[in-house]
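Subject: Handover of the model, with notes on what was found

Dear colleague,

I am handing over the structure below, together with some notes that you may want to read with the coordinates open beside you.

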Amino acid sequence: MNKRIQASIYEEKRQKFNSAITTFAGIIILSLFIMTITFAFSRAEVDLVFIKSYLTDIVLMVMNFIPIFLLMSFIYLISNRLWISFTVTSLLFVIMSIINKFKLTYRDDPFSFVDVTLFTESLMMADKYKISLTPLMIIIFILLIGIAIFLKKFFNYKIESKDKRILTILVLILVSITIFKGFYFNPKIYAEVGDKSIINIWVETDQLQSKGFIYPFIYNIADAKDNVLEGYDEDKAKEELNKNNYQDIPQDQKVNIIAIMLEAYNDFSVFESMEVDETVYENFHKLQEESIQGHLITNVFAGGTIDTERGFLTGYHSHPKYNRRTNSHIWYLKEQGYRTEAMHPITGSFYNRRSVNDYIGFDAYYYYENKYKEIQEAYMDDTDFFDSIIEGYENSKKNNEPYFNFSVTYQNHGPYPAEDYTDTEYLKKHSSYDPSTYNIINNYLSGISRTDEALKELFDYYRNEEEPTVIVIFGDHNPWLGTDRVGYNMLGIDIDLSTEEGFTNYFQTPYLIWGNNGAKETFNKDFVGQGNTIGPNFLMAELFQYLGWEGNEYMQYISKLKETIDVTNGNFYKENGRFTKELENKELWKNFRNVEHYYSHNYKK
C-alpha cells in the first residue's frame, strides 16, 4: 500500500474520530442546554436566585444532567442521527418541565411521576384551568426547532458498525442501572442537595423545587407505588361494605356543620400539678357544660397535624397517598347537597393541602396565598380567622345551601418563645421552674387565652342564628413545650408511654359537639353530655351517630366498628371501653384494615 493511500485512510479515520468526539461533545452540550431550560421551569415563575443555586451545586447539576444525557445517547445510538436524538429528548424534558411550571402555578404542586400514571385524572384537573404558552416558551420552542434543523444539516456523523452500536447500548444500559440503583434513589444524597437557605424547609413543594425538576421527578417514582397491605382481599372488603346500604340525610335535617381543628390545643387546667389562671379556659369550660364533650386520642404529639385532620375527614387510620380522588366523608356531604369549604390562614402547600383538599371533595380551599394575604400580611390570629368562617357560612346561606366548613387554626403553632413576652402569669410561677421553660409554657397559654376569647365570639354569633348549626371543635395534638418534653417534666405531667395515664396525657386532646337552638329543635336533642373517648378517625362517626345520620356504606361500617374498637393509636388500643396493648379481637381489626384499604384506594363516583 503506497503512502498516499495510507495517508488517505489515516485522514479518513482521523475525520471519523473527530466527528465522533464532536458528536459526543455535542450530546453533552445539548444536554446541558436542555437541563438549563428545565431549571427555568422548576418554579412557577423563572427565579434567578434558584437557577443560580442549581448551577453552583455540582451534585445537583449532575443528578439533573445524567438522565438527559443518557436518554439522548440511547436515542442517538438507536436512530444514528443526532438531530433526532436531540429533538425527542428536548421535547420530552422541556414539555415535562413546562407542565411542571403550570402545575406549580395553578396548584402549587410539582409535576411528578404519579401524574403520568394518573393520566385521565391529570387531564380532568388540567381542564379546570386556562393554560396558554408564554412568550418565553414560544421562543424556546422556536430555538429548539432551529437547533434541530442546524443539527440535521451540519451533523451527519453515523456509527457505521451495527455491532458497535449494540455493544454501546448494552454498556449504557448496565451503566444506567448501576447509576440509578446506586445513586438516584439514595435518600441521603437527595436530602443533602439543594440550597435550604432560600426555601421554607417545612414545605415539601419548596424542598422539591430546591433540587430542580428532573432529579425530584425521578427520585419520587417510588411514590407512585402504593403500599401493599399484607393479606389484602378485595372481594372480602366489598362483601363487608355491601352489608350496608347507602342512606341519605333526611332533607329536614341538613343542618350547617362548622368543624374547627385548633392548633396544639389542650386543656392544661385539668392537671393538678400546675396552676393555670382560670381565665385561660373560662369560655371553653362554659362551652363544655353546654356541649357533648369528650376526648380524642390522637396518633401524634407536638406535630403531625395532618394525621388528625385527615383521620377526621376520611375515617381512615392508615392513609393512602391522596394523589388522586379519594373517598372521604366530604364527598358524601357533597353528594347530599352541602357546600364544602376548607380554610387555613397559612401557606396552602403545607401537607399538599391545595391538591389533597380537592381530591377529597372540598368545593373550595382558602389559604394565605389565595385569600388571607389580601386581608393582612401577617398570619391571622383566631379572632380574625373565625370571621372568614362566618363569611363562608353567610355566603352559603344566601344561596340556600347547607354548609360544611372545616377550618384549621394557626395561632398557637409552636415553637413558643423562651423569652418573657407577657407580664401576665397565665401559669403561676414557682421558684423551682426553669425561667426559659416557664416562658415557653406561659407564652403558649397566652395564645390559648386569646383562642378562648375568639371561641366565645364565634359561638355567640351562632347562638343568635336561626339557621340550625352544629359546631365541632377539637385539638390536633398536644403542644411542644421544649426539647425532650422538658416542659411536661417541669410541670410534673406524666407522659410515660408505657402506662395508660402517661399515654393518655401524651396523646389526648378535647373535643366538643355543640348545637345552637335551631339544631336542638331540628333533632329534638339538647346537645349536652359525655362523649366517648375515641380516635380522630371516629370523630365524624361520633357526630353522625349523635345526629342519627347513618351515612354511606363506609360510615356505617366504622360506626359499627366503633362499638368495639374506637382508639387505634398503636401504643394502646381501646377495645370494649378499656385501653389495652394487645387487641383481643384481632380478626375485627384485620377486617377493618382490609375494608379501609379497599375503600381508600377505590374512589366511588
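The bend at a residue is taken here as the angle between two fitted axes, one through the seven residues ending at that residue and the other through the seven starting there. With that in mind, helix α3 has a kink of about 30° at F65, shortly before the proline P67. Please keep in mind throughout that this is a predicted model.

Overall picture

The chain is made up of 24 helices and 11 strands, and its C-alpha atoms fill a box of roughly 110 × 60 × 50 Å along the principal axes. Of its 605 residues, 53% count as buried, and the accessible surface comes to about 28700 Å², with 54% of that area belonging to carbon and sulfur atoms. Among the contacts in the chain with a separation of 6 or more, 76% are made by residues 24 or more positions apart.

Helix α3 and the residue before it

Does the length of α3 agree or disagree with its residue count? At 1.5 Å a residue, its 22 residues should span 32 Å, and because the C-alpha atoms at its ends are 31 Å apart, the two values agree. The helix is mostly covered, with 17 of the 22 residues buried, and it is followed by N80, whose phi is positive, near 65°.

At the start of this helix, D57 deserves a closer look. D57 lies in the loop between α2 (48-55) and α3 (58-79), and its relative accessible area is 19%, so it counts as buried, the cut-off being under 20%. The side chain of D57 reaches two backbone nitrogens: a side-chain oxygen comes to within 3.3 Å of the nitrogen of V59 at the start of α3, and the side chain also reaches the nitrogen of L60 at 3.1 Å. Apart from neighbours within four places in sequence, D57 is in contact with V193 and G194. As for P435, it is 378 residues from D57 in sequence, and the two C-alpha atoms are 43 Å apart in space.

Strand β1

Is strand β1 (residues 256-262) enclosed or open? Seven of its seven residues are buried, so the strand is largely enclosed by the rest of the structure. In a regular strand the side chains alternate between the two faces of the sheet. Both faces of β1 are covered, since N256, I258, I260 and L262 are buried on one side, and I257, A259 and M261 are buried on the other.

β1 pairs with two strands, as follows: with β6 (residues 469-475) it runs in the parallel sense over seven bridges, and with β5 it also pairs in the parallel sense, over five bridges. M261 can serve as a reference point for both pairings, for M261 stands opposite F474 in β6, while its bridge partner in β5 is V408.

Backbone geometry to check

Most residues other than glycine have a negative phi, and most peptide bonds are trans. Against that background, three places in the loops may be worth inspecting.

- Y351 has a positive phi of about 55° although it is not a glycine. It is found in the loop between β3 (339-343) and α16 (353-359), and at 39% relative accessibility it counts as partly exposed.
- N524, also a residue other than glycine, has a positive phi near 55°. It sits in the loop between α21 (517-523) and β8 (529-530), and with a relative accessible area of 71% it is exposed.
- The peptide bond from G414 to P415 is cis, with omega near 0°, and P415 is found in the loop between β5 (403-408) and α18 (435-463).

A buried lysine

Lastly, which residues surround K562, leaving aside its neighbours within four places in sequence? K562 lies in helix α23 (residues 553-562) and counts as buried, at 7% relative accessibility. Its contacts beyond those neighbours are N532, I534, F538, A541, E542 and Q545.

With best regards

How values were computed. Residues numbered from 1 in each chain as written. Predicted model: local features only at pLDDT ≥ 70, side-chain atom pairs only at ≥ 80, totals over all residues. Heavy atoms only, no water. Helix = DSSP H or I, 4+ residues; strand = E, 2+ residues; numbered from the N terminus. Buried < 20%, exposed > 50% of the residue type's maximum accessible area, 1.4 Å probe, protein only. Contact = heavy atoms within 4.5 Å. Polar contact = N/O pair within 3.5 Å; in protein donor to acceptor, adjacent residues only side chain to side chain. Expected span 1.5 Å × (residues − 1). Pairing = 2+ DSSP bridges. Areas by Shrake-Rupley, 256 points an atom, 1.4 Å probe, with all protein chains shown as cover.
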